[in-house]
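Me: Could you take me through this structure and show how each label is earned? I'd like to see the reasoning step by step.
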Amino acid sequence: MSVASMDVPRWDGPLPSCDEVAKMIDHSLLRPELTAAEVEDGLATALEYRTASVCVRPPDVPRAAAVLSGSRVAVGTVVGFPHGSGTTAAKVFETAELISSGAEEIDMVINIGRLRDGDVASVQAEIAAVVRAAEGRPVKVIFENSYLTDQDKTAGYKAAEAAGAAFVKTSTGFAPGGATAADIALMRRTVSPRVQVKAAGGVRTLDALLELHRLGATRFGATATAAILDDLEGRRGGDPPAGSATDDPSTGY
């Protein structure tokens, strides 16, 4: 069960600042039906709330790079998305092309079937090839945990670390399940502190985000960025920043 669908208690611990939480969010613009105007609106949201990054579809990278130039918001994008079934050569080519277009972070989907087959060596080799193509930019490896056993997951997470990934990530947001508390805890105890954990898929409330952060997630793929940060600002007793208090329909996980 994902955190979004669980009855997550209201967070009763210390509240981080809005800036601290914003720096954990990759604002997502990945839905296939998004229009150019909706992408522009999503980029404006990322700039307004000063998120860590905005994660856009590959053809949107040049526009995102232009809009976000000079800001602290990084341009992220996806490789082999959402199924992970492309060839390694295609993923490497896509990574290089996107970096040349202005991408600063790469979220890649593994070959899920190969991992389920137990072919960990080929999964690790593919991740390593994408890491090399990224030329030092952070690579976040998407596992689509809802399709995997715990044995598959731990083997995959270890392979990602050995291949040089910067993050292990729960899901694309397009599979039957998303981020879960159990998976975040498993990811955190499997990889070393060098590798960060990204939760994606269904993290739509401040309480869910803070609970998963407590368990070890340090980055979140989110569409409900405005709602999360407005809620936090309200709980801290300030006036909410300008922006919608509901999910932005233009965005993607």
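Reply: Happy to! Keep in mind that this is a predicted model. Let's begin with a strand pairing: Thr77 has Ile106 in β4 as its bridge partner.

Me: What makes strand β3 and β4 a pair?
Reply: Two strands pair if there are at least two bridges between them. Strand β3 (residues 74–79) is joined to β4 by 4 bridges, so the requirement of at least two is met. The two strands run parallel.

Me: Which larger arrangement do the strands form?
Reply: A barrel: 8 strands close up in the order β1-β2-β3-β4-β5-β6-β7-β8, with parallel pairing. On average, neighbouring strands of this sheet are turned by 25° against each other, direction ignored.

Me: Which helices lie on β4?
Reply: Among them is helix α4 (residues 88–100), which lies across β3 and β4 and runs at about 160° to β3. Helix α6 (residues 120–134) also packs on the sheet, where it touches β4 and β5, and its direction makes about 160° with that of β4.

Me: Why is the link between Arg219 and Glu105 called a salt bridge?
Reply: The closest N and O atoms of Arg219 and Glu105 are 3.1 Å apart. The cut-off is within 4 Å, so the pair counts. Arg219 sits in strand β8 (residues 219–222) and Glu105 in strand β4 (residues 105–109), 114 residues apart.

Me: How do you know that Arg219 and Glu105 are buried?
Reply: Buried means under 20% relative accessible area. Arg219 has 11% relative accessibility, so Arg219 counts as buried. Glu105 has a relative accessible area of 7%, so Glu105 is buried too.

Me: What makes Asp19 and Lys23 partly exposed?
Reply: Partly exposed lies between the 20% and 50% limits. Asp19 has 28% relative accessibility, so Asp19 counts as partly exposed. Lys23, at 45%, therefore counts as partly exposed as well. Asp19 and Lys23 form a salt bridge, with their closest N and O atoms 3.3 Å apart.

Me: What makes Lys140 and Asp26 a salt bridge?
Reply: Their closest N and O atoms are 2.8 Å apart, and the limit is within 4 Å, so Lys140 and Asp26 qualify. Lys140 lies in strand β5 (residues 139–142) and Asp26 in strand β1 (residues 25–29). Both Lys140 and Asp26 are buried.

Me: Which residues are linked in a network of salt bridges?
Reply: Asp26, Glu105, Asp107, Lys140, Lys169, Lys198 and Arg219 are linked this way. Across the whole structure, a search finds 20 salt bridges.

Notes. Residues numbered from 1 in each chain as written. Predicted model: local features only at pLDDT ≥ 70, side-chain atom pairs only at ≥ 80, totals over all residues. Heavy atoms only, no water. Salt bridge = Lys/Arg side-chain N within 4 Å of Asp/Glu carboxyl O. Buried < 20%, exposed > 50% of the residue type's maximum accessible area, 1.4 Å probe, protein only. Axes fitted to C-alpha atoms, helices over the stretch in contact; angles between N-to-C directions. Contact = heavy atoms within 4.5 Å.
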